[in-house]
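User: Could you walk me through this one, and show me how each label follows from its cut-off?

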Amino acid sequence: MAGEVVDLVNQKRAGRCAPLSVDDRLTTSAQKHSSDMAARNYFSHTTPEGVTFDQRIKAAGYPRPGAENIAKGQRTAAQVMDSWMKSDGHRANILNCSYKKIGVGIDTNGFYWTQNFGF
């Protein structure tokens, strides 16, 4: 499903921005965050200990964090993309032509989704 999300993001960007390419470090950061939210039953860009998305991305080895989108409960890639595209902030991240890289993580225990974007 993560690959489907990347494909859908690039479809939304088509004609506006260059497609995003997957970076394993962003994928690692996104997956760890989705799994952490599922395991500890929280929903936030910031962990209970106060670690922010950019700190998590840098800890995964990616030097230039851009943004993060999270979602919970959607059961398909199409559903989560529809939700993100209906939200001004999430849509702005998806359509930000400054971002060049993406990583997506999903934990199906509660369906926690994370997109990490990088410059």
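**Labels and the numbers behind them**

User: Which residue takes a positive phi in the hairpin of strand 3 and strand 4?

Analyst: That's glycine 110, with phi near 100°, in a hairpin that has 4 residues between the strands. Ground rules before we go on: this is a predicted model, where local features need pLDDT of at least 70 and side-chain atom pairs count only at pLDDT 80 or more, while totals for chains, interfaces and linings use all residues. Residues are numbered from 1 along each chain as its sequence is written, and side-chain values use heavy atoms, leaving out hydrogens and water.

User: What makes strand 3 and strand 4 a pair?

Analyst: Strands (E, at least two residues) and helices (H or I, at least four) are DSSP runs, numbered from the N terminus. Two strands pair if DSSP finds at least two bridges between them. Strands 3 and 4 have 7 bridges and run antiparallel, so they qualify. Among the facing residues, isoleucine 106 stands opposite tryptophan 113 in strand 4, and aspartate 107 has tyrosine 112 as its bridge partner there.

User: How do you know that strand 1 and strand 3 pair too?

Analyst: They have 2 bridges, so they just meet the requirement of at least two. These two run parallel, and serine 21 has lysine 101 in strand 3 as its bridge partner.

User: What is the sheet's order, and why is its pairing called mixed or uniform?

Analyst: It's an open sheet of 4 strands in the order 1-3-4-2, and the pairing is mixed. We've just met both kinds: strand 1 to strand 3 is parallel, and strand 3 to strand 4 is antiparallel.

User: Why is strand 3 described as largely enclosed?

Analyst: Buried means under 20% relative accessible area, exposed over 50% and partly exposed in between (1.4 Å probe, protein chains only). In strand 3, 6 of the 7 residues are buried, so the rest of the structure largely encloses it.

User: Why is the ring pair of tyrosine 99 and phenylalanine 117 called stacked?

Analyst: Rings of Phe, Tyr and Trp (its six-membered ring) pair if their centres lie within 6.5 Å; planes under 30 degrees apart count as stacked, over 60 as edge-to-face and the rest as tilted. By this rule there are 2 aromatic pairs. For tyrosine 99 and phenylalanine 117, the centres are 5.5 Å apart and the planes at 25°, so the pair is stacked. Tyrosine 99 is in the loop between helix 5 (88-94) and strand 3 (101-107), and phenylalanine 117 is in strand 4 (residues 112-118), so the pair ties together parts 18 residues apart in sequence.

User: What makes the pair of tyrosine 99 and phenylalanine 119 edge-to-face?

Analyst: Their planes meet at 65° with centres 5.1 Å apart, so edge-to-face it is. Tyr99, Phe117 and Phe119 form one aromatic cluster.

User: Which of these three count as buried?

Analyst: Tyrosine 99 at 6% and phenylalanine 117 at 0% are buried. Phenylalanine 119, at 34%, is partly exposed.

User: What joins the side chain of glutamate 68 to histidine 45?

Analyst: A polar contact: a pair of N or O atoms within 3.5 Å, where within protein one must be able to donate a hydrogen and the other to accept it, and residues adjacent in sequence count only if both atoms are side-chain atoms. Glutamate 68 to histidine 45 comes in at 2.8 Å, and glutamate 68 to asparagine 116 at 2.9 Å. Glutamate 68 is in strand 2 and, at 5% relative accessibility, counts as buried.
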